[in-house]
Every structure is written in structure tokens, then in C-alpha cells.
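Got the viewer open? Set it to cartoon, keep the side chains within reach, and follow along one selection at a time.

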Amino acid sequence: MADFTVTVADPDSGATYQTTVDGQDANRFLGRELGDEVDGGAVGLDGFTLELTGGSDEAGRPLRADVRGADLKEILSDGGVGYKTSRDGERKRITVRGREISEAVAQVNAKVVAGDGDVAAAFGEGEDDEE
């Protein structure tokens with residue numbers, strides 16, 4: 001049975017929220033790819049639509065949108081997700097995971113793309129900030 005930590009970003013406020021999903025809610029993410037849109041009900045955001053933007057597996061290896069499937073792959077990278085170059089022309093072979101969400105994924109990143117209402121209120125935060 002899969003379980004994930006889902007990090008949801010709200011582009012309007014710039015805030016992020018973390019929640020853990022398991023069971024049937026986690027199964028809604030399995031087989032999806034980065035860039036796909038999913039219903040926010042899986043993370044407690046009924047009426048919102050989320051776009052999958054990234055993630056990582058148990059070892060911290062990132063999901064890359066330009067690698068097919070859910071398996072590990074070694075790529076020769078000149079920068080981007082999973083590797084930052086320190087000078088021009090530098091490349092390095094790195095191990096990344098494909099863009100498909102599988103049971104090996106530990107964290108999924110998503111952003112809110114549609115929906116009415118306040119994301120902070122849906123997560124139960126932001127009500128006692130003025131104290």
C-alpha cells in the first residue's frame with residue numbers, strides 16, 4: 001500500500017502546506033505523471049484541482065519530467081532537476097527517477113491550479129495568526 005507526503009503550493013499566497021496521504025487517497029496518485037491534474041479531494045482540498053509538479057523517492061532522488069516511466073535511470077545531466085552545475089560546460093552522470101508516480105515515491109509536490117475558496121482555511125491554518 002502506497003503512502004506519500006504531499007506538499008501543496010498555493011501560487012496566490014506563496015504558502016506551502018504538507019499533508020500525508022495513504023490508502024485509497026494515495027492510490028489516486030499512482031500511475032499519474034508530472035504535469036497531470038488531479039482532484040484535490042485526495043489531500044482534503046475538495047473543489048480544488050492540483051497539478052503534479054515534482055517529487056522524490058525514499059532515497060531523495062528527484063522525479064524528472066524528461067525521463068519516461070517510474071524506474072531509476074542514469075542520465076548525463078548538464079543542470080536542471082537533481083544537479084546544479086558550478087561552471088559552464090560541466091556535466092555529470094546522476095541517477096533520477098522517471099516522471100510517473102509509483103509506490104517507490106515518498107514525496108509528491110503539487111500546486112493549486114483551479115478552485116474557489118481559501119487554501120489555508122481548507123488546511124485549517126491561518127485563522128489564529130493575529131494573536
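Select Asp39 first: standing opposite Asp39 is Thr49 of E4. Keep in mind that you are looking at a predicted model. Now colour the two strands involved here, E3 and E4, which run antiparallel and are joined by 3 bridges.

Next, widen the selection to the sheet. How many strands does the open sheet have, and in what order? There are 5, ordered E2-E1-E7-E4-E3, and the pairing is mixed. Pick out E2 and E3 (37-39): these stand at the edges with a single partner strand each, so each has one side without a neighbour in the sheet. If you look across the strands, the twist from one to the next averages 35 degrees.

Mixed pairing deserves a moment of its own. Strands of a sheet pair through backbone hydrogen bonds, and they can do so parallel or antiparallel. Select E7 and check both of its flanks. Towards E4, the strands run antiparallel, with 9 bridges joining them; click on Ser56 and you'll find that its bridge partner in E7 is Gln107. Towards E1, the run is parallel, with 5 bridges. Here, try Thr7, whose bridge partner in E7 is Asn109.

Time to switch on the nonpolar side chains. Which residues have the most contacts inside the largest nonpolar core? They are Phe4, Phe29 and Leu45, in a core of 25 residues. Two or more core residues come from each of the strands E1 (3-10), E2 (15-22), E4 (48-57) and E7 (105-115), and from helix H2 (119-122). E7 gives the largest share, 4 residues.

Centre the view on Leu45 and show its surroundings. Skipping neighbours within four places in sequence, Leu45 is in contact with Val8, Gly40 and Leu50, and also with Val112, Val119, Ala122 and Phe123. Then hide that core and look for another one, which lies apart from it: 5 residues, including Val67, Ile75, Ile94 and Val96.

Last stop: Asp12, in the loop between E1 and E2. Is Asp12 buried or exposed? Its relative accessibility is 78%, so Asp12 counts as exposed, given that the cut-off for exposed is over 50%. To finish, draw a distance from the C-alpha of Asp12 to that of Gln107: the two residues are 95 apart along the chain, and the separation is 22 Å. You've met Gln107 already, as the bridge partner of Ser56.

How values were computed. Residues numbered from 1 in each chain as written. Predicted model: local features only at pLDDT ≥ 70, side-chain atom pairs only at ≥ 80, totals over all residues. Heavy atoms only, no water. Core = buried A, V, L, I, M, F, W, Y, C linked by side-chain atoms within 4.5 Å. Buried < 20%, exposed > 50% of the residue type's maximum accessible area, 1.4 Å probe, protein only. Contact = heavy atoms within 4.5 Å. Pairing = 2+ DSSP bridges. Axes fitted to C-alpha atoms, helices over the stretch in contact; angles between N-to-C directions.
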